[in-house]
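Me: I would like to go through this protein with you in a few questions. Could you reason each answer out for me?

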Amino acid sequence: MSSIILNTVRRECFGQFRARLLQHSLLLTSRALRTAPNVCAHKTQSSRDEISLLEAAHSPDHFGTLSPQVDEPETLDEGDLKEEDFLQNLPTPGQKLSVRQYADLIKDHLKNNRIREALDVVEVRMKQDRVKPVNYHFNLLIGGCARVGYSKKAFQLYNKMKQHGLKVTGGTYTSLFNACAVSPFLGDGLKRANHLREIMLEKGYEPNESNYNAMIKAYGRCGELKTAFQLVDEMVERRLSIGTDTFNFLLQACISDREYGFRHALLVWHRMHRMKISPDRYSFNLLLRCVRDCQLGDLEITAQVIEQILSESIGGADSKRLDQPLPANEETPPVENVKEDVEEPQQPQLTTVTNRELTERLNQEGVPDLLSSQPHLGSLVKLGEVRKAEDRLLLLGGSSNVFAEMKRCGVEPDIRTITELLDVIPSTYAAEKHLLATIKQLKLRCDIDFFNILIKKRSMRFDYEGAKDVLYMIEAANLEPDIVTYGVLALGCQTQDEARSLLKMMHAADVRMNIQILGAMLRQGCAKQNFRYVTEILQIVKRERLKPNEPFLRHLEEFGKVCEKRDREYDAKPRKKGREEFKQEYNPYRMQLDAWREHMGLQGLALDQALGIVREHPWEQFKQPQPDGFEAVKNPKLRHKRKKQHSIRRVDVDAIEDDDQEKGNATEEMKEVKLVS
């Protein structure tokens, strides 16, 4: 009995001891698990301390450690959100448009000059719709960028077009060369044109007529006349058709050469005559632009060129010249047959006749005529007297001969032709009256641009009263002044009162002033050295929050130099007459100018630095979307409306005085007779 009780007590004690032992072992295990990371970290740290970082970097046995774990950010990356949205939110079939509909969107934006929005159709809209653009879309965008001179973007689109594996067509090359031609950076345009031409040669692409015309236009406008003429010779060698458009682009190339352009234009014009290509209205307008902008160059070489033109017009009148392109079905005759047909005794006789006719042409009396197919120099004594645009017009026979030649060629002049002529006729009332009479005789419809040029022409010869009288002509022609009209009228604002009167007129017509109009007024104030006038212009610029442009700052810079020079002269001679009056006006002006410069952020800057701040990049406007409320958006019908044109039959041409000296006494009479019922 006692043994049984003793065994039971032993089993209970052993069970309790076993349970306590198991509990203690579990406690030790948990503690070991909690301290294990610290031990590992300690061992790792000790192992790192054994080897320096420099040794570990060059040791083949150490490959570094894993990067530490980084907690997930609370806000996801914007790019990741866009990617997730792009992958999950697939467009519905109804959201996608057809190729034609995307093209219509691009055309509509380009028609309204919304370049940024047109580019977004391909770069944003079609990417969101998961639609791949075709080469038609890219060609539309390249053509739109080319028309506004955005050459950088045009070539970027061309590169994207190749990356998409799309076919590059001849129209693509034409648009790219047009982008080079219209680019505001001539050096960059020439570089891109050369690179594109090399690509065409590498690919073995043979340019067509449109490509050649675009290349001639690009190289001509960029000032590379030699290459432009070489391209025409290349067209002749390849027996491609050379038409009026090709020669028009050559005339544009001549305009780019201000020193020798008129001489080149004469050669191009008579090459048209020899090739029996009729000029069009655009050809005559370009020739008149050459008359206005280009010089003769070296007179000896010009005399040789004119003699060459006269001799070629005589010798090539009845025979085909070697430099003319032959039709595709006509071959060059063998040299042997030519030698057999020409007899030796006839050659001296032909030379004698040619020399006698050339001498008659050179000694012909009357006005020179280098415009027609049978040119002559008339009674011209020497080319050294030809200096102005009106003198170069006389070499073509004057304005009457230009109209006669246009009639012989079956070309009707337009108001653009008349406007070009207005720039090159003599700056007299008699010449202007004759031109207005011609407009009435031809029954042409004038626009406001013609009268703007007339105002500018009179203002540039300091006939400010005559310039104001043109406003009565505008009213009689049932036209309305535009912003350019007020700009050219500002050229005649010599005093503050005249400037205030013009600004009041603009305010009454609800026309907002711009920096160009104020710059024209500033020019007059600086020329008259009227400090109060200049100060008032600066205050208007500050009040209206206008940004000064490059001509505005240049006028201020030149005026400042003149004033500083005059100030130094007065300081050197204190008793010189007018010193006190100048100081009283100049010192306040200088303080006002410094305050204005500080307000504009131009204080302490040199002219080049200031110009760098105010000068805007010509392509910046195409990188920004068009603001809401633009006029073309609010009233789309105005986009297709042509410039307003009216007849000038109600303008009394007889009321214009022929004599410039009598003009000042007849101003009031003109105001009364300008309007004819």
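Reply: Before we begin, a helix here is a DSSP run of H or I with at least four residues, while a strand is a run of E with at least two. Please keep in mind that the model is a predicted one.

Me: How far apart are the end C-alpha atoms of residues 208-242?

Reply: UniProt, in an unreviewed entry, lists residues 208-242 under "repeat: PPR", along with residues 134-168. The span 208-242 is 74% helix and 0% strand, and its end C-alpha atoms are separated by 11 Å.

Me: How many helices and strands does the protein have?

Reply: Taking the whole protein, which has 677 residues, 40% of them count as buried. Its secondary structure consists of 32 helices and two strands.

Me: Why are α14 and α20 described as roughly parallel or roughly antiparallel?

Reply: Helix α14 covers residues 281-293 and helix α20 covers residues 415-424, and their axes, which come within 9 Å, cross at roughly 15 degrees. Angles under 35 degrees count as roughly parallel. The two helices, α14 and α20, are therefore roughly parallel to each other.

Me: Which residues of α20 are met by α14, and how many residues in the contact are charged?

Reply: From α14, the residues R281, N285, L288, R289, V291 and R292 take part, and in α20 they meet R416, T417, E420, L421, D423 and V424. Sorted by class, this contact of α14 with α20 has four nonpolar and two polar residues, and the number of charged ones is six.

Notes: Residues are numbered from 1 along each chain as its sequence is written. This is a predicted model: local features need pLDDT of at least 70, side-chain atom pairs count only at pLDDT 80 or more; totals for chains, interfaces and linings use all residues. Side-chain values use heavy atoms; hydrogens and water are left out. Axes are lines fitted to C-alpha atoms, for helices over the stretch in contact, and angles run from 0 to 180 degrees between N-to-C directions. Angles under 35 degrees count as roughly parallel, over 145 as roughly antiparallel, 65 to 115 as roughly perpendicular and the rest as oblique. Contact means heavy atoms within 4.5 Å. Ala, Val, Leu, Ile, Met, Phe, Trp, Tyr, Cys and Pro count as nonpolar, Asp, Glu, Lys and Arg as charged, and the others, Gly among them, as polar. UniProt positions are given in the numbering used here, feature names are shortened, and annotations may be inferred rather than shown by experiment. Buried means under 20% relative accessible area, exposed over 50%, partly exposed in between (1.4 Å probe, protein chains only).
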